[in-house]
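Work through the exercises below with the model open. Each task is followed by a solution in steps.

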Amino acid sequence: MLSVRDRGPGGRLRLARDGFRAYGLIAAMWVRATMAYRTSFLMTTLGSFAATGLDFVAVLLMFQHVDRLGGFSLGEVAFLYGLAGAALGLGDLAMGTMGRLGQKVRDGTLDTLLVRPAPVLAQVAADRFALRRLGRTTQGLAVLTYALVQLDGVAWTPLKVLMVPMMLLSGGAIFAAVFTMGGAFQFWAQDAAEVQSAFTFGGNALLQYPPTVFAKELVRGVTFLVPLAFVNWIPAMYVLGRPYPLAVPEWFAFLSPVVAVGFWVVAGLLWRVGLRSYRSTGS
């Protein structure tokens, strides 16, 4: 909650700076704890890499029987898959622990975070920071590298090259904001972690495949209602030189950073409302 002195632009900037600093310190503490058991860390990271890699094995098996999926080649599907997977991995690495907020609300451990001199959001997000989640990000980047080698029909320009890291960073920020919104929702519904997963991991599963294989109503919802399409679908269509299934202007391809900021504005508002409504467990 903002104090009187923190309600102006300068105060909000100071809170943001303190939040990033607290997040970094807490995450670094958990990284040091993880590195104390390096063999365990390597095994769990490789396990995460292998588990997520099985999804792409299914895609490869699918292309053993078809040449195109929704009109897209293997390289193009791998491009979508790698972008979505790496973006989710970044968001999960940064804010994936928000899914545990409901448990903290139920058992009252959130109360201990309220009395500490650090933003609560930073403490919840960095708590039990799991470096092993790099396995998902690494797997997504590996598939993306494979896709870039396979894509031989793309007319690469400097702008299209720059759009690849833009999609990764913006997509990661969008997924991180969705994790935060899901966490905020758990102030009212403590058992709502599955709802969060539906929009994060479920959204990732959707974005791994071409939009042409889905019904227009679903594509329209993912574009305008819950605009996860800006993670990869819309900008990727520009890079691949393909039309989007919906009639959207070409400049939509460059809106991913704007959509990411919008997601975070909504996430911040939901978090503030949720935190203000929290009344402890009463125990």
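A salt bridge here is a side-chain nitrogen of Lys or Arg within 4 Å of a carboxyl oxygen of Asp or Glu. The model is predicted.

**Exercise 1.** Test whether Arg-68 and Glu-76 satisfy the salt-bridge rule, and state how exposed each residue is.

Solution.
Step 1. The N to O distance between the side chains of Arg-68 and Glu-76 is 3.8 Å. The cut-off is 4 Å, and the pair is a salt bridge.
Step 2. Arg-68 has 48% relative accessibility and therefore counts as partly exposed.
Step 3. Glu-76 has a relative accessible area of 10%, so this residue is buried.

**Exercise 2.** Place the salt bridge between Asp-92 and Arg-133 in the chain.

Solution.
Step 1. The side chains of Asp-92 and Arg-133 meet at 3.3 Å, N to O.
Step 2. Asp-92 belongs to helix H3 and Arg-133 to the loop between H6 and H7, so the bridge ties together parts 41 residues apart in sequence.
Step 3. Asp-92 and Arg-133 are both buried.

**Exercise 3.** Describe the salt bridge of Lys-104, then find the residues joined into a network by shared partners.

Solution.
Step 1. Lys-104 pairs with Asp-127, and their closest N and O atoms are 2.7 Å apart.
Step 2. Lys-104 sits in helix H4 (residues 101–107) and Asp-127 in the loop between H6 and H7; the pair links distant parts of the chain, 23 residues apart.
Step 3. With a relative accessible area of 13%, Lys-104 is buried.
Step 4. Arg-68, Glu-76 and Arg-242 are joined into one network by salt bridges that share partners.
Step 5. The count of salt bridges comes to four.

**Exercise 4.** Characterise the largest cavity by its volume, lining and residue classes.

Solution.
Step 1. One cavity of 30 Å³ or more is present, and the largest cavity holds about 40 Å³ of space.
Step 2. Its lining consists of Thr-52, Asp-55, Tyr-81, Gly-85, Arg-136, Gln-139, Asn-204 and Gln-208.
Step 3. At least two lining residues come from each of helix H2 (38–62), helix H3 (74–95) and helix H7 (134–150).
Step 4. By class, the lining has one nonpolar, five polar and two charged residues.

**Exercise 5.** Which residues form a nonpolar patch on the surface, and where does Val-195 lie?

Solution.
Step 1. The patch is formed by Phe-185, Trp-188, Val-195, Phe-199 and Val-273, with about 470 Å² of accessible area together.
Step 2. Val-195 lies in helix H9 (residues 193–207).
Step 3. Val-195 counts as partly exposed because its relative accessibility is 41%.

Terms used. Residues are numbered from 1 along each chain as its sequence is written. This is a predicted model: local features need pLDDT of at least 70, side-chain atom pairs count only at pLDDT 80 or more; totals for chains, interfaces and linings use all residues. Side-chain values use heavy atoms; hydrogens and water are left out. Patches are made of residues with over 30% relative accessible area and no salt bridge: like charges are joined within 9 Å, nonpolar side chains (Val, Leu, Ile, Met, Phe, Trp, Tyr) within 5 Å. Accessible areas come from the Shrake-Rupley method with a 1.4 Å probe; for residues, only the protein chains shown count as cover. Helices (H or I, at least four residues) and strands (E, at least two) are DSSP runs, numbered from the N terminus. Buried means under 20% relative accessible area, exposed over 50%, partly exposed in between (1.4 Å probe, protein chains only). On a 1 Å grid over the protein atoms alone, a cavity is a set of points where a 1.4 Å probe fits but cannot get out, and a pocket is an open set with protein on both sides within 12 Å along at least five of seven lines; lining residues have an atom within 4 Å of a point. Grid points are joined across faces, edges and corners, and a volume is the space filled by probe spheres set on the points. Ala, Val, Leu, Ile, Met, Phe, Trp, Tyr, Cys and Pro count as nonpolar, Asp, Glu, Lys and Arg as charged, and the others, Gly among them, as polar.
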